[in-house]
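Biologist: I have a new model open and would like to learn how to read it. Could you walk me through a few features?

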Amino acid sequence: HRHLLGIEPLRPDEIVTILDLADQYVDLGRRRDKHARALAGLTQINMFFESSTRTQASFELAGKRLGADVMSMAMQASSIKKGETLIDTAMTLNAMHPDLLVVRHPQSGAADLLAQKVNCAVLNAGDGRHEHPTQALLDALTIRRAKGRLHRLSVAICGDIAHSRVARSNILLLHKMENRVRLVGPPTLMPSGIEEFGVEVFDDMEEGLRDVDVVMMLRLQRERMDGGFIPSEREYFHRYGLDAEKLAHASPEAIVMHPGPMNRGVEIDGTLADDINRSVIQDQVEMGVAVRMAAMDLLARNLRARPTEVMA
Ligand code: CP
């Protein structure tokens with residue numbers, strides 16, 4: 001592949017290749033000297049049009065650990081503020097010959113659109129409600145390391161499914177790897193027709209979590225609710241927030257995940273989120289750096305295999 005725009009185009013063996021390489025980068029990240037040379041000489045530009053802590057920091061660290069020249073654009077201070085469009089901004093940066101462009105944007109399809117316009121590899125760091133492929137890959141690596149496998153598992157994805165690119169990418173990946181996916185949440189936050197994706201849908205946490213191996217909680221994405229149904233936090237936590245009582249319905253070995261940023265006391269109990277016997281939330285963050293290193297390394301190998309484009 002020339003770009004990483006979503007999980008949809010990836011084959012299961014390609015997912016395994018990324019995760020296997022990421023495993024090696026987890027080891028590198030735990031060493032005192034964390035440097036490798038896979039991106040040496042290459043230029044990586046990060047363009048985040050939406051706020052981010054984990055994804056932006058980990059893409060930046062990933063690029064630096066692999067030796068790239070990394071520039072993170074402060075989009076709030078860019079000429080976007082003066083009315084420059086996404087495409088004009090991207091074409092301007094493209095003229096500086098980056099090799100890797102990492103983009104997060106509130107509109108679904110923004111990363112695909114950029115990929116059609118620029119000469120470099122584009123990595124989707126989250127586009128609207130569409131996809132967040134590196135999140136699904138880091139979740140997959142976390143699950144594989146915690147459970148010892150990434151197939152024939154039962155995974156419950158809970159909460160605000162309707163607004164979640166994380167849910168969409170995870171559903172696609174988990175199905176490709178032959179897992180069973182349950183979606184649990186209020187009907188108002190469940191996309192209509194989602195059963196066509198081969199998932200089971202529940203609006204009751206006890207039923208939805210019964211005997212599952214993995215419980216993945218999602219944040220209530222109020223910024224995408226534009227005046228529609230917004231549940232009260234107290235009521236939401238009572239019915240759909242994960243606490244020890246609800247988790248008791250899952251497998252005794254079930255792990256608890258959350259992509260972050262999490263709202264303690266809304267979708268997850270803070271004590272449970274911090275319980276290192278059940279929660280792998282900090283592991284997910286660690287895996288995020290390794291997966292992004294692996295994804296950029298593999299795209300760079302592809303770039304280097306192409307003939308150098310001669311400048312006019
Ligand atoms: N999980 C995730 O994408 O977090 P950020 O929005 O902080 O990058």
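Biologist: Let's begin with charge. How far apart are the mean positions of the positive and negative charges of the protein?

Modeller: Average the places of each kind of charge, then compare the two averages. In this predicted model, the 38 positive and 43 negative charges have mean positions 5 Å apart.

Biologist: What does the accessible surface of the protein come to?

Modeller: About 14,300 Å², and carbon and sulfur atoms hold 49% of that. As for the residues, 54% of the 312 count as buried, meaning under 20% relative accessible area.

Biologist: And the overall build? Which helices and strands should I count, and how compact is the protein?

Modeller: You will find 11 helices and nine strands. The radius of gyration is 19 Å, close to the 20 Å from the globule rule for 312 residues, so the protein is as compact as a globular protein of that length. Its C-alpha trace spans about 65 × 45 × 35 Å along the principal axes.

Biologist: What share of the contacts joins residues 24 or more positions apart?

Modeller: Among contacts with a separation of 6 or more, such pairs account for 75%.

Biologist: Now a single helix. What span should H5 have?

Modeller: Use 1.5 Å a residue: the 15 residues of H5, residues 133-147, should span 21 Å, and the end C-alpha atoms are 21 Å apart, which agrees.

Biologist: Is H5 mostly covered or uncovered?

Modeller: Mostly covered, with 13 of its 15 residues buried.

Biologist: Which residue comes just after H5, and what phi does that residue take?

Modeller: That is glycine 148, with a positive phi of about 80°.

Terms used
Residues numbered from 1 in each chain as written. Predicted model: local features only at pLDDT ≥ 70, side-chain atom pairs only at ≥ 80, totals over all residues. Heavy atoms only, no water. Helix = DSSP H or I, 4+ residues; strand = E, 2+ residues; numbered from the N terminus. Rg over C-alpha atoms; globule rule 2.2 N^0.38 Å. Buried < 20%, exposed > 50% of the residue type's maximum accessible area, 1.4 Å probe, protein only. Contact = heavy atoms within 4.5 Å. Areas by Shrake-Rupley, 256 points an atom, 1.4 Å probe, with all protein chains shown as cover. Lys, Arg positive; Asp, Glu negative; His and termini not counted. Charge placed at Lys NZ, Arg CZ, Asp CG, Glu CD. Expected span 1.5 Å × (residues − 1).
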